[in-house]
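Please take a moment with the sequence and the model before reading on, and try to follow the chain from its beginning to its end. The paragraphs below then go through the strands, the turns between them and the core.

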Amino acid sequence: MPEQITTVQAACPECDALIAFERPPLNGQVVRCTDCSVELEVTSINPIRLEVAPEVEEDWGE
Ligand SMILES: [Zn+2]
């Protein structure tokens, strides 16, 4: 039996592009949308949900 390749996909909440994972992502994993380059955090893995990760700006204020 050939090895089964499971492609996991989820839609980008920003631009609706489909993001394919080579393997099921981990909860909390951060991925980058290939289309709009936004950073997305995996907030749920079954089903997969992506949310835009908060922008981390290197602005320490003080
Ligand atoms: Zn996107």
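Which residue of β5 stands opposite E41? To reach the answer with some care, it helps to begin with the whole protein, keeping in mind that what you see is a predicted model. The secondary structure comes to five strands and zero helices, so that a reader who follows the sequence meets the pattern β-β-β-β-β. As background, the strands of a sheet pair through backbone hydrogen bonds, and this pairing can be either parallel or antiparallel.

Consider next the overall dimensions of the protein. Along the principal axes, its C-alpha atoms fill a box of roughly 60 × 20 × 15 Å. The radius of gyration is 14 Å, whereas a compact globule of 62 residues would have one near 11 Å. Buried residues make up 8% of the 62 residues, and among the contacts with a separation of 6 or more, 18% are between residues 24 or more positions apart.

We can now turn to the strands β1 and β2. Strand β1 covers residues 8-11 and strand β2 covers residues 18-21, and the two run antiparallel, joined by four bridges. Within this pair, Q9 stands opposite A20 in β2. The two strands form a hairpin with six residues between them, and D16, which lies in the loop between β1 and β2, has a positive phi of about 70° although it is not a glycine. This angle deserves attention because most residues other than glycine have a negative phi. D16 is exposed, because only 12 or fewer neighbours are allowed for that label and D16 has 10 other C-beta atoms within 10 Å.

After β2 the chain enters the loop between β2 and β3, where R23 is found. R23 is exposed, with 9 other C-beta atoms within 10 Å. Measuring from C-alpha to C-alpha in the model, R23 and Q9 are 9.6 Å apart in space, while in sequence they are 14 residues apart.

The remaining strands bring us to the sheet that contains the pair in the opening question. This is an open sheet of three strands in the order β3-β4-β5, with antiparallel pairing. Because β3 and β5 stand at the edges and each has a single partner strand, one side of each is left without a neighbour in the sheet. Neighbouring strands of this sheet are turned by 40° against each other on average, if direction is ignored.

Within this sheet, three bridges join β3 to β4, and one example of the pairing is V31, whose bridge partner in β4 is L40. The hairpin of β3 and β4 has six residues between the strands. In the loop between them lies S37, which is not a glycine and yet has a positive phi of about 65°. S37 is exposed, with 9 other C-beta atoms within 10 Å.

On the other side of the pairing, β4 and β5 are joined in the antiparallel sense over five bridges, and here the opening question finds its answer, since E41 stands opposite E51 in β5. The hairpin that joins β4 to β5 does so through two residues. P47 has its place in this loop, between β4 (39-45) and β5 (48-52), and the peptide bond that joins N46 and P47 is cis, with omega about 0°. Most peptide bonds, by contrast, are trans.

Finally, which residues make up the largest nonpolar core? There are five of them, namely A10, C33, L40, V42 and L50. One of these, L40, has already appeared as the bridge partner of V31. Another, A10, touches I19, I48 and L50, if residues up to four places away in sequence are not counted.

Notes
Residues numbered from 1 in each chain as written. Predicted model: local features only at pLDDT ≥ 70, side-chain atom pairs only at ≥ 80, totals over all residues. Core = buried A, V, L, I, M, F, W, Y, C linked by C-beta atoms within 7 Å. Buried ≥ 20, exposed ≤ 12 C-beta atoms within 10 Å, placed from the backbone. Contact = placed C-beta atoms within 7 Å. Pairing = 2+ DSSP bridges. Rg over C-alpha atoms; globule rule 2.2 N^0.38 Å. Axes fitted to C-alpha atoms, helices over the stretch in contact; angles between N-to-C directions.
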